[in-house]
Protein chains: 2
Amino acid sequence: MARIVQKFGGTSVADLDRIRAVATRVKAEVDAGHEVAVVVSAMAGSTNQLVEWATTVGKIHDAREYDTIVATGEQVTVGLLAIALQNLGVEARSWLGWQIPIHTDDVHGAARIDSIDATKISARVAQGQVAVVAGFQGIAPDGRISTLGRGGSDTSAVALAAALNADRCDIYTDVDGVYTTDPRIAPKAQKLSRITFEEMLEMASSGAKVLQTRSVAMAMRHNVNLQVLSSFTNAAGTFVVSEDSVVEQETISGIAYSPDEAKITIAGLSDQPGVAATVFGALANAHVNVDMIVQSASTQTKTTDISFSLGRADLDKAVETINGIKAELGFDSVDAAANIAKISVVGTAMRTQPGVAKTMFETLAAKGVNLHVISTSEIKISVLIDAEYTELAVRSLHTAYGLDDVS
Amino acid sequence: MARIVQKFGGTSVADLDRIRAVATRVKAEVDAGHEVAVVVSAMAGSTNQLVEWATTVGKIHDAREYDTIVATGEQVTVGLLAIALQNLGVEARSWLGWQIPIHTDDVHGAARIDSIDATKISARVAQGQVAVVAGFQGIAPDGRISTLGRGGSDTSAVALAAALNADRCDIYTDVDGVYTTDPRIAPKAQKLSRITFEEMLEMASSGAKVLQTRSVAMAMRHNVNLQVLSSFTNAAGTFVVSEDSVVEQETISGIAYSPDEAKITIAGLSDQPGVAATVFGALANAHVNVDMIVQSASTQTKTTDISFSLGRADLDKAVETINGIKAELGFDSVDAAANIAKISVVGTAMRTQPGVAKTMFETLAAKGVNLHVISTSEIKISVLIDAEYTELAVRSLHTAYGLDDVS
């Protein structure tokens, strides 16, 4: 007997038929003798409708009201799934964030889970009652409903698995696992049976949308065994595990990409302490998320250039922000490139195997792909390229690293 | 300065434009210096959608899950109205049933309000913050969400007005007050400026759907000043008040009708104690609501006939129930009439003025309307007639009692 947390996303509970199908999957685990808690998202589309209402009825001055509105999506699904389970003869009850309670901080609309008091829910689960838990929501210190931000249901599931000391956290989604790269642009992509937390984190933050980055980081911190699998097939999924449990390791696990990037280069900054702090402090204040940053100083001119990547949607705001501090900073020019993609090669084994970067640069050079920025971490190499080369670069690298499915 | 509870029904908050219009009405009371709490229903249609999902996904074995689902309708509206108010510069916050809290009993799906702890909400209202309260919902002793049953938002508003010691409870709806009868079938119907609680109760239970019976009974018990008015016009509404505050009283206040009735007559029952208890006990167990009951015993045959009215939807179930206890009861026949209407003449002044019943019977006889059952209370006379005579009967009586608008 194991204790399992199952999480079903919005497409898995999109209508009543699919909710009944989810109930059947849950029942299978119960019939196998397991203790089960299920975390569900809102029915696909319903969160969008709620957000549209909330943001159209007026400007949002008070995110607590936004949270009150959008949290209803999951509240509907937990009730429906509980009814569907009861109709299969499975004992079940729904739990809202405030009922467990799942305590969060007070950053409404993008709250973080502080703690989960699992006493009551754990006792019920131990008695064999399936707990159907509303994902994405909690209760803030002021007693108001809070939400965790988009995709927060993955985080809810992992946090609940940790609080319940679950043996496994199964994330059901509309893909059947983690692939070596996106099968839509590289048909030879293969499903990975295992990936480490670290690799999954790099894959997620590099554009692979299978799991939310926060949930992977939390699973790594609490050592929760994650599995990603499809709610529409019975195929085996991908386990996300700690590094020690991976015995045999390929050189790299996958190629991630993010096609909607932009790049800004500030040229001719004076090369003195505090310049980077001024630039990125101003951008943070403007709520611009910056990703890769490279700086190269010229010893001759005593000036420096800073390049960084960011989401394309933030480009105009970022340029405006930098021009706004031109007097303070002093620089020659701001150069903005809108159509940039980030391509990342990810794998823990690259630590011990030389030549991974060389393969990447040679492969891209052979296809005539120019590299704007290079950035490396212990288990990842990322480059910025012109977005039009995205698919070509991903497919070429996938082949070059021997990831193609030749079966 | 007064303290006011305003209640807006589903059609008044049917879309974002109407929610903004409601915000404008609320602001007008705030600008006039009043302390305001607003109770809202779900957006028109949304409760139906939620109920359909809940009842279609499976059979409801656990009304707590039903309540969890349907209570989301009001949760959405309070958030939206709070945002709309904040956009008009009005300080406002939403309150869910469990946040106030509004304590109910544990009859999920049709709960009764046990008590409202108004401490927190009253303090906020006194500070000038508009309280936007989800109608129709509360929290049961087990910490689960409960709902008050259809139309429960009126009851929420009246209970809140009592708990807040409000000076007035304004019920905004899609009609602009209480009429002497239904203007759709009697165009000469007049709007009443005042009506007593007792009359309103009789009108409501006799088919005038302006206010939910429970809410009127509660207002009477706690002496809450009710006003019924339109959310779409600025016309004066109808005050529902205690009898002592009505100075000048017409003979009767109005003609109510309920066209969807049925009648059952059980003939040849043995005339002995316990027969009625057996019949209506069995019907109550089958959840059949019975309205008017008359019994007439024959001293010659030692048998008795019992006739009663009920909602047409329950007719088949009721006949089946009675046939099911035929062996136990012993009777000659069950006669069911499906197309019956109830017509009621209501007015407190009929106590002191003779001839009210005579006028009713003469008027209906002159039009050839046959009376199946007659039942009288202190302030009401009701008759059952064939449903096809409904409009004719209502219009004739409206004229006969001098209620026609001759302006």
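Which residue of chain A comes closest to the rotation axis? Select Thr72(A), whose C-alpha lies 2.7 Å from that axis, and keep in mind while looking that the model is predicted.

With both chains displayed, superpose chain A on chain B: a rotation of 180° with 0.0 Å of shift along its axis does this, at an RMSD of 0.1 Å. The two copies are thus related as by a two-fold rotation axis. If you then colour the interface residues of chain A, you will find that 100% of them are also interface residues in chain B, so the copies meet through the same surface.

Next, stay in chain A and select strand E9, residues 168-173, which is mostly covered, with five of its six residues buried. Add strand E1, residues 3-8, which pairs with E9(A) in the parallel sense over five bridges; here Gln6(A) stands opposite Asp170(A) of E9(A). Then add strand E11, residues 226-230 of chain A, which runs parallel to E9(A) and is joined to it by five bridges, among them a pairing in which Leu229(A) is the bridge partner of Tyr172(A).

Finally, move to chain B and select helix H6, residues 152-163, where the end C-alpha atoms are 16 Å apart, in agreement with the 16 Å that twelve residues should span at 1.5 Å a residue. H6(B) is mostly covered, for twelve of its twelve residues are buried, including Gly152(B), Asp154(B), Leu160(B) and Ala163(B). Just after H6(B), stop at Asn165(B), which takes a positive phi of about 50°.

Notes. Residues are numbered from 1 along each chain as its sequence is written. Chains are lettered from A and ligands numbered from 1 in the order in which they are written. This is a predicted model: local features need pLDDT of at least 70, side-chain atom pairs count only at pLDDT 80 or more; totals for chains, interfaces and linings use all residues. Helices (H or I, at least four residues) and strands (E, at least two) are DSSP runs, numbered from the N terminus. The expected span of a helix is 1.5 Å times one less than its number of residues. A residue is buried if 20 or more other C-beta atoms lie within 10 Å of its own, exposed if 12 or fewer, and partly exposed in between; C-beta atoms are placed from the backbone. Two strands pair if DSSP finds at least two bridges between them. Copies are superposed by least squares on the C-alpha atoms of residues with pLDDT of at least 70 in both. Two residues are in contact if their C-beta atoms, placed from the backbone, lie within 7 Å.
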